[in-house]
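Hi,

Here is the structure I promised to pass on. Have a look at it first, and my notes on what turned up follow below.

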Amino acid sequence: LLMMNPQVVFVLGGPGAGKGTQCSKIVEGFNYTHLSAGDLLRAERAREGSEYGMLIDNYIKEGQIVPVKITINLLRKAMEETMQKDEKKYRFLIDGFPRNEDNLQGWNTVMEGNADVKFVLFFDCSIEVCINRCLERGKSSGRTDDNRESLEKRIQTYLKSTQPIIEQYKKLGKVRTVDASRTVDQVFADVKAILDKEG
Ligand code: UP5
Ligand code: MG
């Protein structure tokens with residue numbers, strides 16, 4: 001049986017950089033399925049009978065990165081289910097992952113050879129803009145981590161753990177950077193150009 005390996009674009013950037021917003025726009029115009037690791041974790045947290053609900057809840061509030069064993073299983077399952085339903089849906093935007101060394105190792109252990117990472121789409125945004133966007137969203141999002149205290153921690157985790165992952169991919173020439181501090185449409189114009197070129 002010849003099934004395509006999933007083709008993956010990792011979507012990274014600080015909290016509130018606009019990863020989710022831009023991924024939603026991408027799927028309207030390109031043949032990609034959007035998988036947000038954070039959304040999958042929040043859904044698992046809410047799932048009745050989940051043995052990880054409390055753990056995920058704590059990690060998210062504390063702005064810490066959930067052990068990869070949990071995240072990678074959610075991602076793998078979501079990819080498998082998508083491809084089982086429609087084998088032409090083998091292109092994925094994986095949003096908000098990998099965020100640290102543990103994530104990257106977990107990905108390599110489980111997915112290396114079973115998925116092709118095409119590139120990293122990096123939404124480059126100042127910390128100040130990131131914080132303001134999340135605080136603004138926090139007025140109505142209901143997210144437990146859109147408050148100043150959690151945000152401080154999310155930012156620290158991003159700087160300490162996620163930026164080095166982006167740097168690693170930069171050294172491999174695999175990062176496509178977009179200035180994400182502009183309007184949604186301006187950012188998307190650049191995103192579109194990248195995807196038109198890279199497929
Ligand atoms: N907005 C968006 N673009 C804008 C623009 N160009 N101009 C003005 N406003 C813009 O956008 C954020 C807000 O800004 C929205 O109100 C939007 O309208 C506005 P959004 O598109 O949601 O940004 P995004 O980058 O997706 O922000 P998000 O808060 O989702 O990023 P995080 O990376 O912090 O959150 P995520 O959900 O990925 O992770 C949450 C937590 O889950 C992590 O802190 C961690 O604890 C855990 N997690 C893991 O442990 N492992 C994982 O692999 C993933 C997550
Ligand atoms: Mg998001």
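The buried residues of α3 pack against two other helices, α2 and α4. Keep in mind that this is a predicted model. The residues in question are Gly53, Ile56 and Ile60, which are buried in α3. They span an arc of only 70° around the axis, so they sit on the same side of α3. That fits the usual helix geometry: with 3.6 residues a turn, residues three or four places apart point the same way. After α3 comes Gly63, and its phi is positive, near 65°.

Now for the cores. What is the size of the largest nonpolar one? It has 26 residues, and those with the most contacts inside it are Val8, Phe10, Met79, Ile94, Phe97, Trp107 and Tyr169. Two or more residues each come from β1, α4, β3 (91–95), α5 (101–111), β4 (116–124) and α7. Helix α4 provides the largest share of this core, six residues. There is also a second, separate core of 24 residues, with Ala17, Cys23, Cys125 and Ile131 among them.

If you want one residue to click on in the largest core, try Tyr169, which is among those with the most contacts inside it. Setting aside neighbours within four places in sequence, Tyr169 is in contact with Phe10, Pro98, Leu104, Val120, Lys174 and Val175.

Since you will probably ask about pockets, here they are. The largest pocket has a volume of about 880 Å³. It is lined by 44 residues, and Pro15, Lys19, Arg99, Arg143 and Arg154 are the closest to its centre. By class, that lining breaks down into 15 nonpolar, 18 polar and 11 charged residues. Which elements build it? At least two lining residues come from each of β1 (7–13), α1 (19–29), β2 (33–36), α2 (37–46), α3 (53–61), α6 (127–141), α7 (148–171) and α8 (184–198). Of the elements, α2 gives the most, with five residues.

The second largest pocket holds about 190 Å³ of space. Its lining is made of Met3, Met4, Asn5, Pro6, Arg76, Met79, Glu80, Met83, Gln84, Met111 and Asn114. Here the largest share, five residues, is from helix α4 (residues 68–85). The class count for this lining is six nonpolar, three polar and two charged residues. Met79 is worth a second look: it lines this pocket, and it is also one of the residues with the most contacts inside the largest nonpolar core.

Two more residues before I stop. Is Thr82, in helix α4, buried or exposed? Its relative accessible area is 15%, and buried means under 20%, so Thr82 counts as buried. Not counting residues up to four places away in sequence, Thr82 touches Thr33, Lys89 and Phe92.

The other is Lys25, in helix α1. With a relative accessible area of 22%, Lys25 is partly exposed. Leaving out residues up to four places away in sequence, Lys25 touches Val184, Asp185 and Phe188. The pairing with Asp185 links distant parts of the sequence: the two are 160 residues apart along the chain, while their C-alpha atoms are 9.5 Å apart in space.

Happy to talk any of this through.

Cheers

Note on methods:
Residues numbered from 1 in each chain as written. Chains lettered and ligands numbered in written order. Predicted model: local features only at pLDDT ≥ 70, side-chain atom pairs only at ≥ 80, totals over all residues. Heavy atoms only, no water. 1 Å grid on protein atoms, 1.4 Å probe; cavity = no way out; pocket = protein on both sides within 12 Å on 5 of 7 lines; lining within 4 Å. Points joined across faces, edges and corners; volume = space filled by probe spheres on them. Helix = DSSP H or I, 4+ residues; strand = E, 2+ residues; numbered from the N terminus. Nonpolar A, V, L, I, M, F, W, Y, C, P; charged D, E, K, R; others polar. Buried < 20%, exposed > 50% of the residue type's maximum accessible area, 1.4 Å probe, protein only. Arc of directions from axis to C-beta. Contact = heavy atoms within 4.5 Å. Core = buried A, V, L, I, M, F, W, Y, C linked by side-chain atoms within 4.5 Å.
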